[in-house]
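This report walks through one protein model, moving from a single residue outwards to its surroundings. Please keep the sequence and the 3D view open while reading.

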Amino acid sequence: MRLRLLLVFSVLVGLCMSVARAQQSEFIYGKIIDAETKEPVSFATIRIQNKAIGVISNEDGGFKIPLKYQALGNFLEVSSMGYETKTILISELITNEINIIYLHVGIIELEEAVLKARKKRPLGAKRIVRNAINAIPRNYPIGSFSTLGYYRDYQLDKNKYINLNEAILEVFDGGFDKSDLKTTKVRLYDFKENTDFERNSVARQPYDYQGGLKVIDNAYLHDFGGNEFTILRIHDAIRNYEYETYSFVNKFKYEFLSNHSFVRKEDTYLKGEYLYTIDFKKWYQNYLAFGTLYISREDFAIHKLEYSLYDSFRSMPLGKTDKHGTGKQLIFEVITEYQRLNTKMFLNYISFHNTFMLVEPVKFSTEEFLVDLKRRCFVIKLSGQPEAVSTQNITNYTIKYNRKKVPIGRIRIGDKKIEVYPRLAPEKEYAMFKEISQATSVVEEISDLLKIKVKNILDTDGNVLNRPTYGIFDQFREYFVQQVNPSGKGPADSLYMRKNTPIFKGQPLVKPDGFTDFWMNTPLKTHIN
């Protein structure tokens, strides 16, 4: 089966490190860290208090905000699922350095939770999810609104950022009662290919399911006629709850419940609001799916949906782990978070992450086979220098003369070549090479008379002869909302992004005042720890 995969506190400011960036005088830099584990807190929300403007931390916990934000308010509010939400006095943050900010895991007040539980019989996990899906029209905006933020797509090669593309855009959404794919419009304010990070032209090429040079293994990325950002939005199962999204969520409203099993975990909270925590899973043939929903106890609003799909027959490389402890290779992961603004829920960020296999060029290959009649040996010319151990293993060679296997005697290594000497009686050896000599003038005759096969030979760098290498890369597409307009309607003109054209090729640009303030989620370093 091939998947249809559409295109996821108490504050301590100190331990500061230098920031070597050109724009360091324009921004305040920070990094969010778990106070107990000292691990980065990814996708934490950092907003100006009482303002619908802010930024989301990166995978490594890093973030930056413009210095001019100091004029918009005195405090930053930092929040993340399961952590205490506190405020930071902006004037205490140090410029031109990375401010390390520690978040503490929140502790739910058991007495309050017990009192609430006594009011009514506790709800089961599936009932909670059903109520949440049914409440989507009530909890999310019906009618026009807009979100302005930062989009990026990039790849990771051995935990190093490559091919980082960035854009600032505004999304004009007609509301959850309308088709996102058909009615939503996007205005592009700026975009760039970030040259601070490596550019890899091979990894940038489109997916190639026919030639197999670049594929999502055991899955298929359908574009539905859209570009990178369009594919990302389709993966928002909450926004597209009545429409087809990704396997096995399918249509969130109709099929999600029947496709998965659910279990209720310990409640958590976000910004003082208690949330149900519902874990779910799915096993289907060679796929394993795991996920978590965070749902408000008050009105069943879905705050966060995490979904991860694994290939049950492919294991992770030795020494690597996944967050669900499956030991299996991730196919894709989608993380979608919404936050409450007034009475409605609006997108906070969406991250879509998939792995892909890239066939890299053969690094060690056979260039030609020759017959040295004078020295009575077979010569294998190579593109690199063979190493001794594998080369001397005679089981790695098969030579057939007149369809009979020729026993191998001595093997000699030369400069980018191997000489193979047969082990035959002198008269038989003479007769064989004489016949080969007579047949060399006719290509068809020599190819029928003599066949040479070589396998498992290594070069001095460890590359296997004639074997292509498969690199496993991580692909990310992410959109971070930094400003919400609850009643925003799109301008009545045609300067919108063409959905069927790549973001970074010939799109109309509109550059309003202040749009540069939204370049805030560019990674702060060249690799992820």
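## A report on the predicted model

Leu358 is a residue of strand β20, and since the model discussed here is a predicted one, every value below is computed from predicted coordinates. Is Leu358 buried or exposed? Its relative accessibility is 1%, and because residues under 20% are called buried, Leu358 counts as buried. Leaving out residues up to four places away in sequence, Leu358 touches Val202, Ala203, Gln205, Leu213, Lys214, Thr469, Tyr470, Gly471 and Phe473. One of these contacts, Leu213, is 145 residues away from Leu358 along the chain, yet the C-alpha atoms of the two are separated by 5.8 Å.

### The protein as a whole

The protein has 529 residues, of which 53% are buried, and its secondary structure consists of ten helices and 28 strands. Its accessible surface amounts to about 25,100 Å², and carbon and sulfur atoms account for 50% of that area. The average pLDDT is 85, with 86% of the residues scoring at least 70. Residues 1-24 should be read with care, for their pLDDT is below 50, although this stretch has 110 contacts in the model beyond near neighbours in sequence.

### The nonpolar cores

Which residues touch the most other members of the largest nonpolar core? They are Phe229, Phe256, Ile295 and Tyr479, in a core that counts 63 residues. Strand β20, which spans residues 344-360, gives the most to this core, contributing seven residues. Another core lies apart from it and holds 32 residues, including Tyr83, Ile88, Ile90 and Tyr150.

Ile295 shows how such a core residue is surrounded: beyond its neighbours within four places in sequence, Ile295 is in contact with Ile128, Val129, Ala132, Tyr274, Leu275, Tyr276, Ile278, Phe300, Ala301 and Ile302. Three of the names in that list, Ile128, Val129 and Ala132, appear again among the buried residues of helix α2 (residues 125-134), where Ala125, Asn131 and Ile133 are buried too. The buried residues of α2 pack against α3 (136-139), α7 (256-259), β15 (261-270), β16 (273-284), β17 (287-296) and β18 (302-315).

Two of these packing partners, β15 and β16, are themselves joined by eight bridges and run antiparallel. Within this pair, Arg264 has Ile278 of β16 as its bridge partner. The hairpin formed by β15 and β16 has two residues between the strands, and there Lys271 takes a positive phi near 55°.

### Two open sheets

Further along the chain, two open sheets can be described side by side, and the table sets out their edge strands.

| Strand order of the sheet | Edge strand | Edge strand |
|---|---|---|
| β21-β22-β26-β25 | β21 (366-372) | β25 (408-414) |
| β24-β23-β27 | β24 (404-405) | β27 (450-454) |

The sheet in the order β21-β22-β26-β25 is built of four strands with antiparallel pairing, and its twist averages 20° from one strand to the next. Within that sheet, β21 and strand β22 (residues 377-382) pair in the antiparallel sense over six bridges, and Glu368 stands opposite Lys381 in β22. Helix α9 (residues 426-439) lies across β21, β22 and β26 (417-422), and its direction makes an angle of about 55° with β22.

The sheet in the order β24-β23-β27 has three strands, again with antiparallel pairing. Strand β23 (residues 397-401) and β27 pair over five bridges in the antiparallel sense, and Tyr401 has Leu450 in β27 as its bridge partner.

What does Ile452, which lies in strand β27, touch beyond residues up to four places away in sequence? The contacts of Ile452 are Phe369, Phe378, Thr398 and Ile399. Ile452 counts as buried because its relative accessibility is 16%, a value under the 20% limit for that word. Ile452 and Tyr401 are 51 residues apart in sequence, and their C-alpha atoms are 9.0 Å apart in space.

How values were computed: Residues are numbered from 1 along each chain as its sequence is written. This is a predicted model: local features need pLDDT of at least 70, side-chain atom pairs count only at pLDDT 80 or more; totals for chains, interfaces and linings use all residues. Side-chain values use heavy atoms; hydrogens and water are left out. A nonpolar core is a set of buried Ala, Val, Leu, Ile, Met, Phe, Trp, Tyr and Cys residues joined through side-chain atoms within 4.5 Å. Buried means under 20% relative accessible area, exposed over 50%, partly exposed in between (1.4 Å probe, protein chains only). Contact means heavy atoms within 4.5 Å. Two strands pair if DSSP finds at least two bridges between them. Axes are lines fitted to C-alpha atoms, for helices over the stretch in contact, and angles run from 0 to 180 degrees between N-to-C directions. Accessible areas come from the Shrake-Rupley method with a 1.4 Å probe; for residues, only the protein chains shown count as cover. pLDDT is the predictor's confidence in each residue, from 0 to 100.
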